[in-house]
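Let's look at this one together, one question at a time. Keep the picture open while you read.

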Amino acid sequence: MSASVFSPPHLPPPFVNTVPPPTLISQGAEALLYRTHFLQSTHPCALKYRPSKPYRHPTLDARLTKHRILSEARTMVRMRKEGLKVPGVLGVDCEPAHGDNARKGGGGWMMMEWVEGQTAKDLLVAVKETRKSCGREEVLREQVRNLMHRIGTILCKMHEIGVIHGDLTTSNLMIRHGAQQPHGITDGHAEGHGRANNTSGIETEPILREALVNGEVVLIDFGLATSSIQDEDKAVDLYVLERAFGSTHPEAEDEFNEVLKAYGESSRGARVVLKRLEDVRLRGRKKSMIG
Ligand SMILES: Nc1ncnc2c1ncn2[C@@H]1O[C@H](COP(=O)(O)OP(=O)(O)OP(=O)(O)O)[C@@H](O)[C@H]1O
Ligand SMILES: [Mg+2]
């Protein structure tokens, strides 16, 4: 059997005429993420495109796509209004496609501000590589704890305003380069779209340090977000991150505790959520024992 090469679905208008064409950055189960520009070629932005699913009934498909796009955009606008760091929403189109568009894929999209930086996942992978060779493991661990602390604080703020992310992983946390971007970090055009690309030891260290200590934590991917002020929902949100973190970055599991520590210190109600997290963990363990 020959392996088939992935070819992404056609982008809807107006993006078919964009020069240069949008660059595909990531393809998830539901969405494709492109880097393109907004109004001026010097103004980068991210285009999240949700193609229609040919196996779904067209009416249901259009309704689900519209719901996901609108709810993601609304959550982001709300978060930003409350002062939380998320990419600014620049535009959405979630009306069902007609005529030619429908034949080319349909779906809907959201355009947002481009975050110049990398995901927490990429950053932690780079840290893991560097740890082996730099011989300053404890220094790096301390810097990771610093980042974890900032993540815990922002998650607590998000929960305080009643937003449950619904898909917390280290791929959905971005670290924006700090103002004092050190020489060597790319601007996202040429080398790997600004992702950590040099993971070889000593010379990477100052770049990593800068991101770990000064990088701004930006939350992304609110397609599954909901509104709730229930401790249970908040605890489950944290549990999802804890599990994802444990399986993706087992070497940094100890540092993850700093997320919970900062979370617990960030608001009055947070300790109750952490207590609840203990129950959620117990239920999770029982479930995996029973199968
Ligand atoms: N605003 C942005 N700026 C820069 N990179 C981004 C931005 N938004 C997303 N990305 C990159 O694209 C990846 C995928 O984006 P996102 O998490 O929103 O989509 P997804 O996981 O495929 O979506 P979904 O789970 O809603 O189907 C991210 O992990 C990140 O690397
Ligand atoms: Mg994602």
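Q: At what angle do helix H4 and helix H5 pack?
A: This is a predicted model, where local features need pLDDT of at least 70, side-chain atom pairs count only at pLDDT 80 or more, and totals for chains, interfaces and linings use all residues. Residues are numbered from 1 along each chain as its sequence is written, chains are lettered from A and ligands numbered from 1 in the order in which they are written, and side-chain values use heavy atoms, leaving out hydrogens and water. H4 covers residues 137-160 and H5 covers residues 205-214 (helices, H or I, have at least four residues and strands, E, at least two; both are DSSP runs numbered from the N terminus). Their axes (lines fitted to C-alpha atoms, for helices over the stretch in contact, with angles from 0 to 180 degrees between N-to-C directions) are 7 Å apart, and the packing angle is about 35°.

Q: How many residues of the contact of H4 with H5 are nonpolar, polar and charged?
A: Contact here means heavy atoms within 4.5 Å. On the H4 side you'll find Leu140, Gln143, Val144, Asn146, Leu147 and Arg150, and they meet Arg209, Ala211, Leu212, Val213 and Asn214 in H5. Ala, Val, Leu, Ile, Met, Phe, Trp, Tyr, Cys and Pro count as nonpolar, Asp, Glu, Lys and Arg as charged, and the others, Gly among them, as polar. The split is six nonpolar, three polar and two charged.

Q: Which strands stand at the edges of the open sheet E6-E8-E9, and why is one side of each left without a neighbour?
A: Three strands make up this sheet, with antiparallel pairing (two strands pair if DSSP finds at least two bridges between them). An edge strand has a single partner strand, so one side of it has no neighbour in the sheet. The two in that position are E6 (117-119) and E9 (216-219).

Q: In E9, which residue is the bridge partner of arginine 176?
A: Strand E8 (residues 173-176) runs antiparallel to E9, and four bridges join them. Arginine 176 sits in strand E8. Its bridge partner in E9 is glutamate 216.

Q: Which residue in the turn between E2 and E3 has a positive phi?
A: Strand E2 (residues 32-38) and strand E3 (residues 40-50) pair in the antiparallel sense over seven bridges. They form a hairpin with one residue between them. That residue has a phi of about 65°, and it is leucine 39.

Q: How many residues apart in sequence are the parts tied together by aspartate 221 and lysine 48?
A: These side chains meet in a salt bridge (a side-chain nitrogen of Lys or Arg within 4 Å of a carboxyl oxygen of Asp or Glu), at 2.9 Å from N to O. Aspartate 221 lies in the loop between E9 and strand E10 (226-227), while lysine 48 lies in strand E3, so the pair ties together parts that are 173 residues apart.

Q: Is aspartate 61 buried or exposed?
A: Aspartate 61 forms a salt bridge with arginine 56, with the closest N and O atoms 3.0 Å apart. Buried means under 20% relative accessible area, exposed over 50%, and partly exposed in between (1.4 Å probe, protein chains only). At a relative accessible area of 5%, aspartate 61 is buried.
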